[in-house]
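User: I would like a close look at one part of this model, namely its salt bridges. Please take the account slowly and keep it connected.

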Amino acid sequence: MAPFDRSPNGIDLKSLHRPIGMAKKQRRKRDEGGRNAPGKEGAAPPSSNVREDDRPMRKEENVLVEWTKSIVVALVLFVFIRTFLVHTFVIISGSMEETLLVGDLLLVNRASVGSRVPGTSIRIPGYSDLHRGDILVFDPPHEEDMKLVKRLMGLPGDTIQMRDKIFYVNGEPLEEPYAQHTLDRDDDMHPWMTWQEEYLLPQEGNGSYRPTRDNWGPLVIPEDRYFMLGDNRDTSLDSRYWGLLEGWRLEGRAVLVYYSYNKDSLRPFPWVREVRWSRIGDFVQ
């Protein structure tokens, strides 16, 4: 080193004369070399084949898949619950007044009486026995694609009859506080009621049997058959007319009025303006 390359204090005088830009370039190269060196902290991540534009698209696809899964699960649960556990029913006639009113929306317990597996003849048994007085929803035998609600009054093995509007079971009159008689019209024979002759007690089948709305029987109910009556006895189209009900036709037991409104109202939007608040939440008895 030349004698004048250093100051008296030992400072390298040549370094003071180097261009500032050259020093910055050298420092930048050192920094870039450190960042790009493999295995060192701060190294750049390996290059990826996924473009930045593809990431939002993949995120949208994942959201769509999750929504689809949620909808499918919800539909499966809905079908399962509706098929095997609970059902709904709307009262559209006055055959069960005053127990049930037109415009009552019912919650029906299917699991209690059992239910059929769709598309098969297999029936899952219910967890409770049927009792006289149960209010049941069922498929009637006289018309397809219809569901009715009536009170179960005759069980397998019962001998039932009606005399002057009084219902008898096994020879004893039954107390029926729920029964309504609203008409005074003539008690005429109905041609549909001729089916009863097949189930008459043997001593009654003398060829002169003429059943009417208020006088019929005595009938013996065979196994797996049920006799249904409406509480409004004078206006109900029930087992007196269309016959005994097979067990497989039962849909469920009515348990609760979850909503009610005056369906016969002439006011617009009666389901909002004519709500029967006092009936909502009532248990069906």
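How many salt bridges does the structure hold, and which residues are linked in a network of salt bridges?

Analyst: This is a predicted model, in which local features need pLDDT of at least 70 and side-chain atom pairs count only at pLDDT 80 or more, while totals for chains, interfaces and linings use all residues. Residues are numbered from 1 along each chain as its sequence is written, and side-chain values use heavy atoms, with hydrogens and water left out.

The structure holds 14 salt bridges, a salt bridge being a side-chain nitrogen of Lys or Arg within 4 Å of a carboxyl oxygen of Asp or Glu. Lys165, Arg213, Asp214 and Asp234 are joined in a network of such contacts.

Within this network, Asp234 pairs with Lys165, their closest N and O atoms lying 3.6 Å apart. That pair links distant parts of the chain, 69 residues apart, since Asp234 sits in the loop between β11 (225-229) and α4 (239-242) and Lys165 in the loop between β7 (159-163) and β8 (166-169); helices (H or I, at least four residues) and strands (E, at least two) are DSSP runs, numbered from the N terminus. Asp234 counts as buried at 2% relative accessibility, whereas Lys165, at 23%, is partly exposed (buried means under 20% relative accessible area, exposed over 50%, partly exposed in between, with a 1.4 Å probe and protein chains only).

Asp234 also meets the side chain of Arg213 in a salt bridge of 3.9 Å, N to O. Arg213 lies in the loop between β9 (172-173) and β10 (216-220) and Asp234 in the loop between β11 and α4, so this pair ties together parts that are 21 residues apart in sequence. Here Arg213 and Asp234 are both buried.
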